[in-house]
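Welcome, and please load the model in your viewer. We will go from one selection to the next and look at what is there.

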Amino acid sequence: MKTLHCADAGFDCEAVIHAETDEEILTQAAEHAKIVHGLSVTPELAEQIKGLIKEE
């Protein structure tokens, strides 16, 4: 299982995304960023987020 903590991306947010693959994490993170933080995930931001994904 892979996880991404929104706070690790610099947001004051306790959301944690869980998925089986990096692609699933990125899809869920993009949706979360848009809905909760009002952001669109650019390719550059997606690359930065990939570095924050942890294997658990």
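## First stop: K2

Start by selecting K2: with a relative accessibility of 18%, K2 counts as buried, because the cut-off for buried is under 20%. Keep in mind throughout the tour that this is a predicted model. K2 is placed in strand 1.

Now show the side chains of K2 and D22, and you will find a polar contact of 3.0 Å joining them. To see what else surrounds K2, display its contacts, leaving out residues up to four places away in sequence. Among them are I17, H18, A19, E20 and T21, as well as I25, I53, K54 and E55.

## The sheet around strand 1

Next, color the strands. Which order do the three strands take in the sheet? Strand order is 2-1-3, in an open sheet with antiparallel pairing. Strand 2, residues 16-19, and strand 3, residues 54-55, are the edge strands, and each of them pairs on one side only. As general background, strands of a sheet pair through backbone hydrogen bonds, in either a parallel or an antiparallel way.

Select residues 2-5 to pick out strand 1, which pairs with strand 2 in the antiparallel sense over four bridges. Two positions are handy for following this pairing by eye. K2, our starting point, stands opposite A19 in strand 2, and L4 stands opposite I17 in strand 2.

Then turn to the pairing of strand 1 with strand 3. How many bridges join strand 1 and strand 3? Here there are two bridges, again in the antiparallel sense. Select T3 and you will see K54 of strand 3 opposite.

## Across to helix 1

Now add residues 22-37 to the selection: this is helix 1, which lies across strand 1 and strand 2. Helix 1 runs at about 145 degrees to strand 2.

Within helix 1, go to H32. Is H32 buried or exposed? H32 is buried, because its relative accessible area is 17% and buried means under 20%. Show the side chains of H32 and H37, where a polar contact of 3.2 Å links the two.

H37 is also one of the residues that H32 touches, once residues up to four places away in sequence are left out. The others to display are C6, C13, A15 and I17. You have met I17 already: it stands opposite L4 and is among the contacts of K2.

## Zooming out

Finally, show the whole chain in cartoon view. There are two helices and three strands, and along the sequence they follow the pattern β-β-α-α-β. The radius of gyration is 10 Å, close to the 10 Å that the globule rule gives for 56 residues, so the chain is as compact as a globular protein of that length. Along the principal axes, the C-alpha atoms fill a box of roughly 30 × 25 × 15 Å.

Switch on the surface for a last look: about 3800 Å² is accessible, and 53% of that belongs to carbon and sulfur atoms. Of the 56 residues, 27% count as buried, including K2 and H32. If you draw the contacts with a separation of 6 or more, residues 24 or more positions apart account for 40% of them.

Note on methods. Residues are numbered from 1 along each chain as its sequence is written. This is a predicted model: local features need pLDDT of at least 70, side-chain atom pairs count only at pLDDT 80 or more; totals for chains, interfaces and linings use all residues. Side-chain values use heavy atoms; hydrogens and water are left out. Two strands pair if DSSP finds at least two bridges between them. Contact means heavy atoms within 4.5 Å. Axes are lines fitted to C-alpha atoms, for helices over the stretch in contact, and angles run from 0 to 180 degrees between N-to-C directions. Buried means under 20% relative accessible area, exposed over 50%, partly exposed in between (1.4 Å probe, protein chains only). A polar contact is a pair of N or O atoms within 3.5 Å; within protein, one must be able to donate a hydrogen and the other to accept it, and residues adjacent in sequence count only if both atoms are side-chain atoms. The radius of gyration is taken over C-alpha atoms; the globule rule is 2.2 Å times the number of residues to the power 0.38. Accessible areas come from the Shrake-Rupley method with a 1.4 Å probe; for residues, only the protein chains shown count as cover.
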